[in-house]
Amino acid sequence: MRRRVTATLLPAGLLLTLGIAGVSPASASTDVSSSLVDVSCPLGTQTSTYHPGLTYTPRQTTFTATGSLAPCVSPTHPEIVGADFTSSGHGVASCTAADFEDTATYRWNTGQSSKVEGRVTINLKPNGQTVLVRIGEVTGGLFKGATVTQTKVLPALNLLDCATGDGLEYVSGPVNLTVVL
């Protein structure tokens, strides 16, 4: 049986809206009705950097991201209360779309870690929001063999940076993680 790890990165306003509507971020991105939520980390942050910066012209780009998650709750791993993570990758990217191969490592407060390998795609939506989606597999550590789907919705980027020579080099936003078995 394959396990799924779902991380949803949403702005606080959207998280509040989903909560009021009775929809959790995890259920918004995957069907959890037949799955067990093993870890829920409703709060966190992520910062990403791009080199060279993102412009309106697609080009080879590398990215790095760091973040933290807390508090976390896990019925099967009650000792997990938080995590830090890093991610890096490369691919063709612009301010309107990107496709990266990436590797991420989640370091749980217990000293255990989960290594995830996969792809990240980025799409600019008509209202200026940017949606990042990671799909991969936990290839090592805790939750090995689980499938990962991570979605991050950022408020409108400073699209003026995309028109400069240096491009958009830095993005930061809130993060939410749910591990589903």
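This report covers the disulfides, nonpolar cores and three buried residues of a predicted model.

## Disulfides

The structure contains two disulfides. In sequence order of the bonded cysteines, they pair 1-2 and 3-4.

One disulfide connects C41 with C72, at an S to S distance of 2.0 Å. This pair ties together distant parts of the chain, 31 residues apart. C41 sits in strand β2 (residues 37–41), while C72 lies in the loop between β4 (59–69) and β5 (83–93). The link of C41 and C72 is right-handed, with 115 degrees about the S-S bond. Both C41 and C72 are buried.

The other connects C95 with C162, with S to S 2.0 Å. It too links distant parts of the chain, here 67 residues apart. C95 is in the loop between β5 and β6 (97–108), and C162 is in helix α3 (residues 159–162). The C95 and C162 disulfide is left-handed, because its torsion about the S-S bond is about -90 degrees. Both C95 and C162 are buried.

## Nonpolar cores

The largest nonpolar core has 18 residues. Within this core, V39, C41, L69, Y106, W108 and F143 touch the most other members. Strands β2, β5 and β6 each give two or more residues to the core. The top contributor is β6, with three residues. C41 therefore has two roles in this description: it is a disulfide partner of C72 and a member of the largest core, which fits its buried state, under 20% relative accessible area.

A second core is separate and has 14 residues, including Y50, L54, F100 and I122. In general, nonpolar side chains of soluble globular proteins tend to be buried together.

## S114: a polar residue against the largest core

S114 belongs to strand β7. S114 counts as buried because its relative accessible area is 3%, below the 20% limit. Two side-chain approaches stand out. The side chains of S114 and W108 share a polar contact of 3.1 Å. The S114 side chain also reaches the backbone oxygen of L142 at 2.6 Å.

Beyond residues up to four places away in sequence, S114 touches A104, T105, Y106, W108, V138, G140, L142 and F143. Among them, Y106, W108 and F143 also appear in the list of core residues that touch the most other members.

## V120: contacts along β7

V120 is also in strand β7, which spans residues 113–124. Its relative accessibility is 6%, so V120 counts as buried. F100 is 20 residues from V120 in sequence, yet their C-alpha atoms are 5.0 Å apart.

Neighbours within four places in sequence aside, V120 is in contact with F63, A98, D99, F100, D102, V133 and R134. One of these, F100, belongs to the second core.

## S48: a buried serine in β3

S48 is located in strand β3 (residues 44–54). With 2% relative accessibility, S48 is buried. Its side chain makes a polar contact of 3.0 Å with the side chain of Q46.

Leaving out residues up to four places away in sequence, S48 touches T64, A65, K152, E169, Y170 and V171.

Note on methods
Residues numbered from 1 in each chain as written. Predicted model: local features only at pLDDT ≥ 70, side-chain atom pairs only at ≥ 80, totals over all residues. Heavy atoms only, no water. Helix = DSSP H or I, 4+ residues; strand = E, 2+ residues; numbered from the N terminus. Buried < 20%, exposed > 50% of the residue type's maximum accessible area, 1.4 Å probe, protein only. Contact = heavy atoms within 4.5 Å. Disulfide = S-S within 2.5 Å. Polar contact = N/O pair within 3.5 Å; in protein donor to acceptor, adjacent residues only side chain to side chain. Core = buried A, V, L, I, M, F, W, Y, C linked by side-chain atoms within 4.5 Å.
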